[in-house]
Amino acid sequence: MKRFIIGHNADPSNWRQRLEQLNPRCLEIFVPPRYCEGEGLRELHRAFEQMAQHPVARALEFASCHFPWGESANGYSRYNLVDDQYFFPLCEIARGFQGFCSELKLPPERSALNFHNLYELPRTMLEALNRERKLLQLRQTFLHHAHAQTLAAKEILELLDVRLSLANENNPPIGDGDRMSIVDVFAEDLAERVSGLGICTCMDLSHFFMTRFYYSIPMEQRPSFPCLELADELRGGDRQPMTFDEYLHVMKPRYFHVSDTKTPGTNRTCEGLPVGSGDTPWADVLPAMARYAEKSDNKLFLIIEIKGGHTEEGTARCMASEHVLRGLIEDCFSSGFLEAISEEEALP
């Protein structure tokens, strides 16, 4: 189990409770929008400074900061990095997080600034564009914008001499209010941007399985998901969508968000569930992740991220999820599923 490094998330309001109750080995700090300006931003910097002195934080092996680009308010995207009004918060959040990582002596490859290029549009609009044969063009437009947005972030960090890894995360196929993702549902979108810009990725397991479970529904019973239907058309029906192993190979994630997912994966209630409460095929997933880690000679940094996990009740669910996840990993080792792991790694 040496390669599996399990952790949790926290935010500036609950970090002390989360560290002391969950004792994570890796940590993601989520920055809600209210911490992005004024007194909230000053509070965030104080939290970074105080957190860096906590004994649990000082033992972390990996840390990420989940920046709220694409965070929605009333169903609409609130932030856009290319808009100059967000330049200052980006700079200050990145500087504060770098100070945290520097204090912990975490190198750039173990400290990531993570965000979604999140573009979600109403299902009805996407259906109309698909009928008019314009959906592919819209996707290309947003892919170009995502590239420009990520490039801007990379150049800003370089300009400020902020030494963090920049990470993009895969999106769920459907968001709140029946709004659907346009890009980054498929690994190819992220892989092209990552190779061109020299950044890294975070793989959200639940977002992947929402998509995968959708394709398990018989064709005639599938609800309308225009972007996934377009992908079917572009594949020409000559092969199945990517397997989990293929997705890993193409996306090459630096770290993971871990939760469970229920079939059929067609709405937001299906994702972000406590580990063990859904239909994720862990007996296939964990060996695939271990093979990936062995081939890349990396550790697997697993951030448990479940809905409502930031609450007091949610902390107990996070703790239970870690217990279940550890049991699943141990089962994989004891039953010989991890044949790709070296004998030294497989020793207890």
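Is Arg 163 buried, partly exposed or exposed, and at what relative accessibility? Arg 163 counts as exposed, at 56% relative accessibility. Keep in mind that this is a predicted model. The protein chain has 13 helices and 12 strands, and of its 348 residues 54% count as buried. Below is a quick tour, from the whole chain down to single residues.

**The chain as a whole**

- Among contacts in the protein chain with a separation of 6 or more, 74% come from residues 24 or more positions apart.
- About 15,500 Å² of the protein chain is exposed, and carbon and sulfur atoms supply 51% of that area.
- One pairing across the sequence is Asn 14 with His 310: they sit 296 residues apart in sequence, yet their C-alpha atoms are 7.4 Å apart in space.
- Asn 14 lies in the loop between β1 (4–10) and α1, and it counts as buried because its relative accessibility is 9%, under the 20% cut-off.

**Strand β6 and its partners**

- Strand β6 covers residues 111–115, and 5 of its 5 residues are buried.
- Ser 111, Leu 113 and Phe 115 point one way from β6, while Ala 112 and Asn 114 point the other way; all are buried.
- Strand β3 (residues 62–66) runs parallel to β6, joined to it by 4 bridges. In that pairing, Ser 64 stands opposite Ala 112.
- Strand β8 (residues 165–169) also pairs with β6 in the parallel sense, over 4 bridges. Here Ala 112 stands opposite Ser 165.

**Arg 18, a buried charge**

- Arg 18 belongs to helix α1 (residues 15–22).
- Arg 18 is buried but has no salt bridge. The nearest side chain of opposite charge is Asp 11, at 7.5 Å, whereas a salt bridge needs the atoms within 4 Å.
- What the Arg 18 side chain does reach is the backbone oxygen of Gly 309, at 2.4 Å.
- Leaving out neighbours within four places in sequence, Arg 18 has contacts that include His 8, Asn 9, Pro 24, His 310, Thr 315 and Cys 318.

**Glu 61 and its network**

- Glu 61 sits in the loop between α3 (55–58) and β3, and counts as buried at 18% relative accessibility.
- Its side chain makes a polar contact with the side chain of Arg 25, at 2.9 Å. Another polar contact of 2.9 Å joins the side chains of Glu 61 and Lys 299.
- Not counting residues up to four places away in sequence, Glu 61 touches Ile 5, Arg 25, Leu 106, Arg 110, Lys 299 and Phe 301.

**Salt bridges**

- The structure holds 22 salt bridges.
- Arg 46 forms a salt bridge with Glu 39, with the closest N and O atoms 2.6 Å apart. Arg 46 is partly exposed at 37% relative accessibility, and Glu 39 is partly exposed at 42%.
- Back to Arg 163: its salt bridge is with Asp 161, and the closest N and O atoms are 3.0 Å apart. Asp 161 counts as partly exposed at 45% relative accessibility, whereas Arg 163 counts as exposed at 56%.
- Asp 176 and Arg 268 form a salt bridge too, with the closest N and O atoms 3.8 Å apart. This pair links distant parts of the chain, 92 residues apart: Asp 176 is in the loop between β8 and β9, and Arg 268 is in the loop between β11 and α11.
- Asp 176 is partly exposed at 49% relative accessibility, and Arg 268 is partly exposed at 24%.
- Arg 25, Glu 61, Arg 110 and Lys 299 are joined into one network by salt bridges that share partners.

**Backbone oddities**

- The peptide bond from Thr 263 to Pro 264 is cis, with omega near 5 degrees. Pro 264 is in the loop between β11 (255–258) and α11 (282–296).
- Arg 133 has a positive phi, near 60 degrees, in a residue other than glycine. Arg 133 lies in the loop between α5 (123–131) and α6 (135–159), and it is exposed, with a relative accessible area of 60%.
- Asp 178 likewise has a positive phi near 60 degrees without being glycine. Its place is in the loop between β8 and β9 (179–181), where Asp 178 is partly exposed, with a relative accessible area of 35%.

Notes. Residues numbered from 1 in each chain as written. Predicted model: local features only at pLDDT ≥ 70, side-chain atom pairs only at ≥ 80, totals over all residues. Heavy atoms only, no water. Buried < 20%, exposed > 50% of the residue type's maximum accessible area, 1.4 Å probe, protein only. Helix = DSSP H or I, 4+ residues; strand = E, 2+ residues; numbered from the N terminus. Pairing = 2+ DSSP bridges. Lys, Arg positive; Asp, Glu negative; His and termini not counted. Polar contact = N/O pair within 3.5 Å; in protein donor to acceptor, adjacent residues only side chain to side chain. Contact = heavy atoms within 4.5 Å. Areas by Shrake-Rupley, 256 points an atom, 1.4 Å probe, with all protein chains shown as cover.
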